[in-house]
Amino acid sequence: MPDLFAYTDGACSGNPGPGGWGVLLIAKEGDTILKERELCDGEADTTNNRMELLAAISALDALERESKLTIVTDSSYVKDGLTKWIHGWKRNGWRTAAKKPVKNEDLWKRLDAAASRHDVTWEWVKGHAGHPENERADELARQGMAPFKP
């Protein structure tokens, strides 16, 4: 069984403003890449965090069957949100520890549902630091944003 990786990124021109998300899906056996798939899209008026969330959701939704994968993101917001914060948000009726509504609740619920269908390991990498697959995901996010930029 090959190892599956999803490299995800979001981008926004202005925050809010036009934005895009990108996903690079790679199936590997050892160091050998068996298959790659690129996904991207965008919105006219959004935020960077929404695009980061949509990248992860889109990566998971693109998988046709239950899979074991590693999602590699440069967004600690996405990684920490799903691995740490979401449990408290659910317990508190989608409120933060400060009793404020959780921002992007709609997408957090979608990400939680999508992730529950798979065996996901979350990995954070520093963005814009020369990580080749993260750089490609960033390029895809910018490509997804391009049609929405004035």
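Reader: Let me start with one side chain: which word fits aspartate 138, buried or exposed?
Author: This is a predicted model, in which local features need pLDDT of at least 70, side-chain atom pairs count only at pLDDT 80 or more, and totals for chains, interfaces and linings use all residues. Residues are numbered from 1 along each chain as its sequence is written, while side-chain values use heavy atoms and leave out hydrogens and water. The word depends on relative accessible area (under 20% is buried, over 50% exposed, in between partly exposed; 1.4 Å probe, protein chains only). Aspartate 138 has a relative accessibility of 8%, so the word is buried.

Reader: Which residue does aspartate 138 meet in a salt bridge?
Author: A salt bridge here is a side-chain nitrogen of Lys or Arg within 4 Å of a carboxyl oxygen of Asp or Glu, and this pair has an N to O distance of 3.2 Å. Both residues sit in helix 4, 4 residues apart, so about one helical turn separates them. Helices (H or I, at least four residues) and strands (E, at least two) are DSSP runs, numbered from the N terminus. At 42% relative accessibility the partner counts as partly exposed, and its name is arginine 142.

Reader: Which residues are joined into one network by salt bridges that share partners?
Author: One such network is built from shared partners. Its residues are Glu36, Glu38 and Arg136.

Reader: How far apart are the closest N and O atoms of glutamate 38 and arginine 136?
Author: These two residues form a salt bridge that links distant parts of the chain: glutamate 38 lies in strand 3 and arginine 136 in helix 4 (residues 132–145), 98 residues apart. Glutamate 38 is partly exposed at 44% relative accessibility, and arginine 136 is partly exposed too, at 27%. The closest N and O atoms are separated by 2.8 Å.

Reader: Which element gives the most residues to the largest nonpolar core?
Author: A nonpolar core is a set of buried Ala, Val, Leu, Ile, Met, Phe, Trp, Tyr and Cys residues joined through side-chain atoms within 4.5 Å. The largest core has 33 residues, of which Leu60, Leu69, Trp108, Leu111 and Trp122 touch the most other members. Strand 1, strand 2, helix 1 (48–61), strand 4, helix 2 (76–91), helix 3 and strand 5 (119–124) each supply at least two residues. With 8 residues, the element that gives the most is helix 1.

Reader: How many residues are in the other core, which includes Tyr7 and Leu24?
Author: That core lies apart from the one above, and its members also include Ala137 and Leu140. Its residue count is 8.

Reader: What phi does tryptophan 94 have?
Author: Tryptophan 94 is in the loop between helix 2 and helix 3, and at 13% relative accessibility it counts as buried. Among the residues it touches is tryptophan 108, where contact means heavy atoms within 4.5 Å. Most residues other than glycine have a negative phi. Tryptophan 94 is not a glycine, yet its phi is positive, at about 65°.

Reader: Which proline is joined by a cis peptide bond?
Author: The bond links this proline to asparagine 15, with omega at about 15°. The proline sits in the loop between strand 1 and strand 2. Its name is proline 16.

Reader: What is the volume of the largest pocket?
Author: On a 1 Å grid over the protein atoms alone, a pocket is an open set of points where a 1.4 Å probe fits, with protein on both sides within 12 Å along at least five of seven lines, and lining residues have an atom within 4 Å of a point. Grid points are joined across faces, edges and corners, and the volume is the space filled by probe spheres set on the points. For the largest pocket, that comes to about 540 Å³.

Reader: Which residues lining the largest pocket are the closest to its centre?
Author: The lining has 19 residues, and strand 1 (3–12), strand 2 (17–29), strand 3 (32–46) and strand 4 (68–73) each give two or more of them. By class there are 9 nonpolar, 2 polar and 8 charged residues, with Ala, Val, Leu, Ile, Met, Phe, Trp, Tyr, Cys and Pro counted as nonpolar, Asp, Glu, Lys and Arg as charged, and the others, Gly among them, as polar. The closest to the centre are Leu4, Ala27, Leu63, Arg65 and Ser67.

Terms used
Lists of a residue's contacts leave out its neighbours within four places in sequence.
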